[in-house]
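Thanks for coming. I have a few minutes on one structure, so please look at the display while I talk.

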Amino acid sequence: MNLFVKKSTKIKSLFFTLFLLSLMGYAQVKHNKEDSISELDYKSLGKYINLNMQNEELSNIYAKAYLNKAKKELDTLRIIKALHWYHLINIKTCGFDYVDTIINLSKGKGYQNYPLIAYSYKGHVLYKKRNFIASLDNYLEVQKLNTLNDDRISLKVDFKIALIKNRLGQHAEAIRIFKKSYTHYTLQHNYVNTQIALFGIGDSFRLMKEMDSSMYYNSLGMQKATLIDDEENISYFSLNMGATLSDKRKLDRSNKLLLLSLPKIKEFKDKPNIAMCHFFLGRNYYNLNKTALALFHLKKMDSIFLEINDLHPELRQGYEILIKHYADKKELKNQLLYVNRVLKLDSILLKNYKYLSHKISKEYDHPKILNEKEKLIEQIKIKKNNYGNLLVLITTSTIILLIFIFRMKLQHKKDKEKVARLLNSIEKQQINPSKNIINKNDYNSDENIGINDEVIKEILSKLELFERNLEFINFDLSAVSLAKELETNSTYLSKIINHYKKQTFSTYVNSLRIDYAIERLKNDIQFRNFTIKAIGNESGFKSTESFTSAFHKKTGLRIKYFLKELNKS
C-alpha cells in the first residue's frame, strides 16, 4: 500500500513538471505570435478579425493589436473601429460596455457610420430591456445622424419608433409609420417585414378601438402566412385577432385563437407576448364566470411581470381583476399582494411612459367621476335634441310637410340616377388615383405661369408617382410636406396643380381620396362593412366630417345612401 503511494507520488511529480514545461512553451509561442501580429497592417488585422469571429480569444488578440496600433498613431476613427470589433466579439458578455465609448469618441466628428451604429444598437438593447423612453431617445439620434437618408436605416428606425409610440399611446402616428413601411416592403416583395408591418397596423387599430380596421389587417396577415404555412406569423396574428375579438366581447372565438397561438409563442420565448396571451385568456374566462381558469392565466401573467419587470400598460387591467376577486372573497392577504403588485407596475409605467403619467391618473384614479360626467353630458344632449325636434314639429305645417316629402322623393330619384351613373362609369373605366395624370405633351408651354417648363414636367411626373403609389391616403399630408417630398416649394406645387389639375391643392387631394374610396368600395365587399369613420380613415381623412363633406362635394351623394344603393347592386 505504501509502495503504491510512493510510486503514485513520483508519477504525479513527473506529470506536474511536464505540465509546467508545456505551459512555458505555450506562453512563449503565444508571446511570439502576439509580437508578429502587432507588425501586421490594418487591412490584414481587419481580415483576421473577421475570419476568427467564432474564436473569441484569437479575435480579441487581433482586435487588441488593431487598437494598440490606432492608439499609437492617434487615429481616432480606427480606435472606434477597434472598439466596434470588441463590441461584436464580446457581444454575449461585455460587448455593450464599449457602446458609450464609441458614442463619446465619434460624436460631432462627422463620420459616416459612427456614432449612428452605436446609437442604433443601444436603442435595440434598451428596448429589449424594456427601457422605452431611453430607447426612443437613441433611435431619434440615429434618425438625426442619417444624413444620407439611407432608406434601410430610416425604415428600421421608423419601425422601432412606431412600436414605442404605440406603447406611449400615440397610435395614429404609429399607424402612419407602419403603413409607410408596409407600402415600401410590399413593393420590395419583402415578406418578413411586410408581415411585421401588418401586425403593427392591426394592433394599433385595436388599441384605437377601430375593430373593423384591426380585423381587416390581421386577416390579411393571416391569409399571407397561411398560404406558405408560416407557423410563427400564424401564431402572432392569431394572438392579435384573439385580442381584437376579446375587445369585441366575442369571448369563445377569442379563446380558440389565443389557445392556438400560446404554445408556439412559448416556443419563441417571447415573454411580453406570452403575458399578453395569458392576460386576454384570463379576462375572457373571468367574463365567462370560469374563475379557476381566469386566476390560472392571470397569475401566469403576474409571474412574467416578476421575471421581466415590465408589462404592456393594457395588462394592468389583469391586476384589477385579481384585486376585485380577492376583495369579494375577503382574502385580504392576497388582495394586498396584488395591490402592491399594481403599485409596482404603476411606478414602472410612470417612469417609462410620460404619456401614461397622465393616462393612469385620468383613467384609473377618477373613473367614477368621469363616468358620471359623461352620463350627464349625454343626458343634456338628448334633452337638447328632443327639445329641438319638438320645436320643429310644432312649427311645421301639414303643407310644408307634404312639400318636403315630395322634394325628398324627387331627390331620391335623382340620387338613384347619380349612383347608377357613377357605378356605370366604374364599369367602363376603373376609377383609380392616376386618372387625372397629365400627359407630358398635353400642356401648353405658351401659357406662362412663371415656372420653367422642365420644372413643370418634373413635378407633373412626380405627381404621377405620388398618385400611383397612393401616397395621398397619408393622414398628415399637406402642401408643404408634399412639396418637400417632391423637392420643390409649396408655391410652385400649388400653381401647377391649379393650372394643370384645375383644382386647389385640398380639392385635388380630396378628389383622389374619394376616387380611391369609391374604387375600393366597389371591388372590396369586406371594406363595405367598415364603419364610415374607418372607411374615411383608410382613405386618408382624419375625421368622419371631412370625409362625408368631401364625398358629397365630389359626388353629390351622401355616403350612407351610396353604400346602401351599392349593397343592393
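Let me begin just past helix α16, where K330 follows with a positive phi near 60°. Bear in mind that this is a predicted model. K330 sits in the loop between α16 and α17 (332-352). Is K330 buried or exposed? K330 is exposed, with a relative accessible area of 69%.

On the other side of the helix, N309 lies in the loop between α15 (291-308) and α16. The phi of N309 is also a positive value near 60°, in a residue that is not glycine. N309 is partly exposed, its relative accessible area being 37%. For background, most residues other than glycine have a negative phi, and most peptide bonds are trans. There is a cis peptide bond here, between Y114 and P115, with omega about 5°. P115 belongs to the loop between α5 (99-106) and α6 (116-128).

Now α16 itself, residues 316-328. How far apart are its end C-alpha atoms? They are 19 Å apart, and this agrees with the 18 Å that 13 residues should span at 1.5 Å a residue. The buried residues in α16 include R316, G318, Y319 and I321, and L322, I323, H325 and Y326 are buried as well.

Next, the cores. The largest nonpolar core has 42 residues, and the members touching the most others are L521, F547, F551, I559 and F562. Outside its neighbours within four places in sequence, L521 contacts F527, R528, I535, I559, F562, L563 and L566. There is a second, separate core of 36 residues, with I89, V99, I161 and L168 among them.

Two of those names lead on to the aromatics. F547 and F551 are both in helix α27 (residues 544-555), four residues apart, or about one turn of the helix. Both are buried.

Over the whole structure, a search finds 21 aromatic pairs. One of them is Y216 with Y217, edge-to-face, at 5.2 Å centre to centre and 90° between the planes. Y216 and Y217 are both buried. F547 and F551 also pair edge-to-face, with 6.1 Å between centres and 65° between the planes. Y216 and Y217 join F205, F527 and F530 in one aromatic cluster.

Last, two charges over rings. The charged end of K69 sits over the ring of Y42, 5.4 Å from its centre. R513 lies over the face of F541, 5.5 Å from the ring centre.

That is what I have; questions are welcome.

Conventions. Residues are numbered from 1 along each chain as its sequence is written. This is a predicted model: local features need pLDDT of at least 70, side-chain atom pairs count only at pLDDT 80 or more; totals for chains, interfaces and linings use all residues. Side-chain values use heavy atoms; hydrogens and water are left out. Rings of Phe, Tyr and Trp (its six-membered ring) pair if their centres lie within 6.5 Å; planes under 30 degrees apart count as stacked, over 60 as edge-to-face and the rest as tilted. Buried means under 20% relative accessible area, exposed over 50%, partly exposed in between (1.4 Å probe, protein chains only). Helices (H or I, at least four residues) and strands (E, at least two) are DSSP runs, numbered from the N terminus. A charge sits over a ring if NZ of Lys or CZ of Arg is within 6 Å of the ring centre and within 35 degrees of the ring normal. The expected span of a helix is 1.5 Å times one less than its number of residues. A nonpolar core is a set of buried Ala, Val, Leu, Ile, Met, Phe, Trp, Tyr and Cys residues joined through side-chain atoms within 4.5 Å. Contact means heavy atoms within 4.5 Å.
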